[in-house]
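User: I would like to go through the charge pairs and the nonpolar packing of a model. Please keep the answers short.

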Amino acid sequence: MLILITAAILSFMIFFPVVVATSVFKVLDEKQSSKFLRIFFPKYYLFGLVLSLTGLIIAIFDKNNMSLIIFLLIIIGFLFSRQFLMPIINKAKDNNNEKKFNILHRFSVLINFIQISLCVFLLIMFWK
């Protein structure tokens with residue numbers, strides 16, 4: 001079951017930049033895409049949080065300590081991004097502070113990359 005939860009997290013996290021983001025920026029202008037992403041991202045992070053919490057609960061019952069730690073790290077990434085980082089990024093965008101926005105956006109991308117890497121690590125671990 002843990003392998004399925006991990007694959008689901010990894011799949012939706014890869015789906016966003018490959019499909020959603022590229023489509024949004026091709027179809028919508030900057031104002032519309034910004035509006036869309038402000039509605040989308042809280043749901044994106046919440047979905048990841050729910051899946052990760054599910055993985056954490058299963059890892060607890062399976063007594064799988066490595067998975068438990070990794071799911072906990074992934075959860076922290078989603079919570080931090082949703083509750084702390086996203087509002088600051090939005091404020092920087094609203095204040096036309098491009099430098100701050102770019103730094104914070106890169107930080108959010110780094111968090112996503114780390115979460116994706118953790119999922120890949122888990123999948124490799126489960127595969128063996």
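User: Which residue forms a salt bridge with aspartate 94?

Analyst: This is a predicted model. The closest N and O atoms of the pair are 2.5 Å apart, and the cut-off for a salt bridge is 4 Å. Aspartate 94 lies in helix 3 and its partner in helix 2, so the pair ties together parts 56 residues apart in sequence. The partner is arginine 38.

User: Is arginine 38 buried, partly exposed or exposed?

Analyst: Its relative accessible area is 28%. Buried means under 20% and exposed means over 50%, so this value falls in between. Arginine 38 is partly exposed.

User: How many salt bridges does the structure hold?

Analyst: Aspartate 94 pairs with arginine 38. Glutamate 30 pairs with lysine 93, with the closest N and O atoms 3.2 Å apart. Glutamate 30 is in helix 2 and lysine 93 in helix 3, so this bridge ties together parts 63 residues apart in sequence. The total is 2.

User: Which helix gives the most to the largest nonpolar core?

Analyst: That core has 29 residues, and Ile9, Tyr44, Phe71 and Phe78 touch the most other members. Helices 1, 2, 3 and 4 each give two or more residues. With 10 residues, the top contributor is helix 1.

User: What does isoleucine 9 touch, not counting residues up to four places away in sequence?

Analyst: Isoleucine 9 is one of the core members that touch the most others. Leaving out residues up to four places away, its contacts are Leu51, Ser52, Phe71 and Cys119.

User: How many residues are in the second, separate core?

Analyst: Its members include Ile89, Ala92, Phe101 and Ile111. The count for this second core is 6 residues.

Key. Residues numbered from 1 in each chain as written. Predicted model: local features only at pLDDT ≥ 70, side-chain atom pairs only at ≥ 80, totals over all residues. Heavy atoms only, no water. Core = buried A, V, L, I, M, F, W, Y, C linked by side-chain atoms within 4.5 Å. Buried < 20%, exposed > 50% of the residue type's maximum accessible area, 1.4 Å probe, protein only. Helix = DSSP H or I, 4+ residues; strand = E, 2+ residues; numbered from the N terminus. Contact = heavy atoms within 4.5 Å. Salt bridge = Lys/Arg side-chain N within 4 Å of Asp/Glu carboxyl O.
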